[in-house]
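Student: I would like a close look at one part of this protein. Please keep to what the model shows.

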Amino acid sequence: MRFIDEAVVTVKAGDGGNGIASFRREKYVPRGGPDGGDGGKGGDVYVIAEDNTNTLVDYRYTRRHDAMRAENGHSRNCSGKGSDDLFLPVPIGTTVVDTETDEVLGDLIELGQTLLIAKGGDGGLGNTHFKSSTNQAPRKATSGFEGELKVLKFELKVVADVGLIGLPNAGKSTFIRQVSAARPKVADYPFTTLVPNLGVVDIGRHRSFVMADIPGLIEGASEGAGLGIRFLKHVARTRRLLHVVDVKPVDGSDPVNNARVILNELERFSPELSNLPQILVLNKIDQVLEEELDELCTHIVAELDWTGDVFRTSTLMGEGTDAVKYHLMNEIELERERELEDPIFAEAQRTRFERLEVEVRLNTEAQREAYRAARRAAREGVDLNDDDDDFDDEDGVEVVYVP
């Protein structure tokens, strides 16, 4: 199944049924009066978070979802039947955004959580409602109201406590294979991981957290290079970033510069994201001679001016990975407990994540628009850096390219 983390859908709630104008007609009841019933209520449209799917691929192919229209009213003061509500299943971690107003309608981060996204129309009134002492035979009835029509964007961000970041082939996929049951593809070439992978790290009885392996970044990713920033938004919900650095790259590159590439790309994409707590993991220590290891690791930490936690691992051999996962579990548990005990801290955390969500969304859209503009300019042969915008087609015909 393809991993799709964005989809634009059109939803239409059900229209309300019409009220009717009807009069009581019975053999021995002369002048029975009005008995027209009301129309039923149109169905609402909801989204519901489910755990049996982890992609929005279905909404790429079925983009229109309509709830049923309600029944009209009936005689004998009987109301029409309301239509059933429509529930659209989405993966946990989906955000719903109104494309017209850019308003975030809600986040679905818990199993079974529902969100009303389009309200069904109310039913019309039958002529019973319009009878009075001066109008005993009203022939007036009202039509049902239309249900809401909305164009919405579903954005999926994986729900994880820890996000793995680093250059391609730094050992992120091997790390998550060592500490969880996740089995991402591992190979000796870059960009082996093309979609985020989730793994549950089980520490012991009732102690676990979720880790996300994010596809590798490269220099210039914030401008669209490599996989770009397509999956970087998936670390927006994490509590910790695990920065994995290859201490002895096979291409002979400098591990310090490699680490700085990731730090710079995070800063360029989202300053708020770069401020998340980070843990440095110096990986592939089995590739370094033991007598050189201390000096190399000390050099990397000093050059990066790193003041946070540092661990040394060999994910291939499983060395040092237990220390990392136990440290992460303790940090996450302490943070969760503090959120429960300190309302001020909990509110600050919530505000920070909301601010991060907004910044990541805006930056992602800005980068996407810049990429589309560059593609259009390339097709039209336009230099975006040229200040002279006064140009005409040679044949006097305007040509518009639609991506």
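Which residues does Val47 touch, not counting residues up to four places away in sequence?

Tutor: This is a predicted model. With residues up to four places away in sequence left out, Val47 touches Leu88, Val90, Val96, Leu108, Gln113, Thr114, Leu115, Ile117 and Phe154. Two of these contacts, Ile117 and Phe154, join Val47 as the residues that touch the most other members of the largest nonpolar core, which has 22 residues. Five strands each give two or more residues to this core: E1 (6–12), E2 (45–50), E4 (86–91), E7 (114–118) and E8 (149–156). A general tendency fits here: in soluble globular proteins, nonpolar side chains tend to be buried together. Another core, of 19 residues, lies apart from the one around Val47; Phe175, Val179, Phe209 and Val324 are among its members.

Strands E1 and E8 also belong to an open sheet of five strands, ordered E3-E1-E8-E5-E6, with mixed pairing. Its edges are E3 (64–66) and E6 (104–108), each of which pairs on one side only. From one strand to the next, the twist averages 25°. E1 and E8 run antiparallel and are joined by seven bridges. Within that pairing, Val8 stands opposite Lys153 in E8.

The backbone has a point to note elsewhere. Lys284, in the loop between strand E13 (278–283) and helix H5 (290–304), has a positive phi of about 65° although it is not a glycine. Most residues other than glycine have a negative phi. Lys284 counts as partly exposed because its relative accessibility is 23%. Asp305, in the loop between H5 and strand E14 (310–312), also has a positive phi, near 55°. At 62% relative accessibility, Asp305 counts as exposed.

Definitions and conventions:
Residues are numbered from 1 along each chain as its sequence is written. This is a predicted model: local features need pLDDT of at least 70, side-chain atom pairs count only at pLDDT 80 or more; totals for chains, interfaces and linings use all residues. Side-chain values use heavy atoms; hydrogens and water are left out. A nonpolar core is a set of buried Ala, Val, Leu, Ile, Met, Phe, Trp, Tyr and Cys residues joined through side-chain atoms within 4.5 Å. Buried means under 20% relative accessible area, exposed over 50%, partly exposed in between (1.4 Å probe, protein chains only). Helices (H or I, at least four residues) and strands (E, at least two) are DSSP runs, numbered from the N terminus. Contact means heavy atoms within 4.5 Å. Two strands pair if DSSP finds at least two bridges between them. Axes are lines fitted to C-alpha atoms, for helices over the stretch in contact, and angles run from 0 to 180 degrees between N-to-C directions.
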